[in-house]
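Let's take a walk through this protein together, one region at a time. Have the sequence and the 3D view ready so you can follow along.

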Amino acid sequence: MGFDVLTRDEAAAISAPGQTKSHYAPRASVRLNATDWQEGEARLGFGDVACDLNLSKEGDLREAAANLFEFMHQLDATGRDHIAVSPIPDVGLGLAINDRLARAAADG
């Protein structure tokens with residue numbers, strides 16, 4: 001198991017793991033704000049949409065936040081190469097959800 005070595009300045013700038021560019025990066029690539037599904041994608045929905053897993057069918061941002069990492073892990077474990085994520089409103093708690101999703105989609 002390898003470990004990344006940070007300089008003292010880098011370590012001081014990061015006070016929590018969630019502050020890194022790619023906090024949780026699934027093996028699969030992540031496509032954000034998907035309003036349609038492409039063949040072979042694992043589909044992470046939000047609201048009234050057909051999908052593999054739905055963060056919140058009712059559009060509840062608290063429920064979506066609570067389900068986010070578990071559902072991303074479950075979809076990543078399917079072995080599909082791509083995960084598409086429905087748009088999440090960019091207000092209130094949705095800002096934090098979208099930030100986490102952007103970090104999951106980052107290349108590291």
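A good place to begin is glycine 92, which is exposed because its relative accessible area of 57% is over the 50% cut-off. You will find this glycine in the loop between E4 and H3. Its C-alpha atom is separated by 8.4 Å from that of leucine 61, although the two residues are 31 apart along the chain. Please keep in mind as you look around that this is a predicted model.

With that spot located, step back to the whole chain. The protein has 108 residues, and buried ones make up 32% of them. Its secondary structure comes to 3 helices and 4 strands. Reading along the sequence, you meet them in the pattern α-β-β-β-α-β-α. If you look at contacts between residues at least 6 apart in sequence, 64% of them join residues at least 24 apart.

Now to the helices. Two packed helices are described by the angle between their axes and the distance between the axes. For H2 and H3, the angle is about 15° and the axes are 9 Å apart. Since an angle under 35 degrees counts as roughly parallel, H2 is roughly parallel to H3. The crossing of H2 past H3 is left-handed. On the H2 side, the contact is made by Leu61, Arg62, Ala64, Ala65, Leu68, Phe69 and Met72, and on the H3 side by Leu93, Gly94, Ile97, Arg100, Leu101 and Ala104. Sorted by class, this contact has 10 nonpolar, 1 polar and 2 charged residues.

Another residue to find here is alanine 96, which lies in helix H3. Alanine 96 is partly exposed, with a relative accessible area of 30%. Its C-alpha lies 8.3 Å from the C-alpha of alanine 65, with their positions 31 residues apart in sequence.

What about the interior? In soluble globular proteins, nonpolar side chains tend to be buried together. In this model the largest nonpolar core has 18 residues, and Leu44, Leu55, Met72 and Ile83 touch the most other members. Strand E2 (42-45), helix H2 (61-76), strand E4 (82-85) and helix H3 (93-105) each supply at least two residues of this core. Which element gives the largest share? That is H2, with 6 residues.

Take isoleucine 83 as a way into this region. Leaving aside neighbours within four places in sequence, isoleucine 83 is in contact with Pro26, Ala28, Ser29, Val30, Arg31, Ala42, Leu44, Met72, Leu75 and Asp76. Two of the core residues named above, Leu44 and Met72, are in that set.

Alanine 42, also among those partners of isoleucine 83, is found in strand E2. Is alanine 42 buried or exposed? Its relative accessible area is 0%, so it is buried, as that value falls under the 20% cut-off. With neighbours within four places in sequence set aside, alanine 42 is in contact with Asp52, Leu75, Thr78, Arg80, His82, Ile83 and Ala84. The C-alpha atoms of alanine 42 and alanine 28 are separated by 9.2 Å, and the two residues are 14 apart along the chain.

Arginine 31, another partner of isoleucine 83, is found in strand E1. Arginine 31 counts as partly exposed because its relative accessibility of 25% lies between the 20% and 50% cut-offs. Apart from neighbours within four places in sequence, arginine 31 is in contact with Asp36, Trp37, Gln38, Glu41, Ile83, Ala84 and Val85. Arginine 31 and histidine 82 are 51 residues apart in sequence, yet 7.3 Å apart in space, C-alpha to C-alpha.

Finish your tour at asparagine 33, in the loop between strand E1 (29-31) and E2. Its phi is near 55°, a positive value in a residue other than glycine. Asparagine 33 is partly exposed, with a relative accessible area of 49%.

Methods:
Residues numbered from 1 in each chain as written. Predicted model: local features only at pLDDT ≥ 70, side-chain atom pairs only at ≥ 80, totals over all residues. Heavy atoms only, no water. Core = buried A, V, L, I, M, F, W, Y, C linked by side-chain atoms within 4.5 Å. Buried < 20%, exposed > 50% of the residue type's maximum accessible area, 1.4 Å probe, protein only. Contact = heavy atoms within 4.5 Å. Axes fitted to C-alpha atoms, helices over the stretch in contact; angles between N-to-C directions. Parallel < 35°, antiparallel > 145°, perpendicular 65-115°, else oblique. Left-handed = near helix turned anticlockwise from the far one by under 90°. Nonpolar A, V, L, I, M, F, W, Y, C, P; charged D, E, K, R; others polar.
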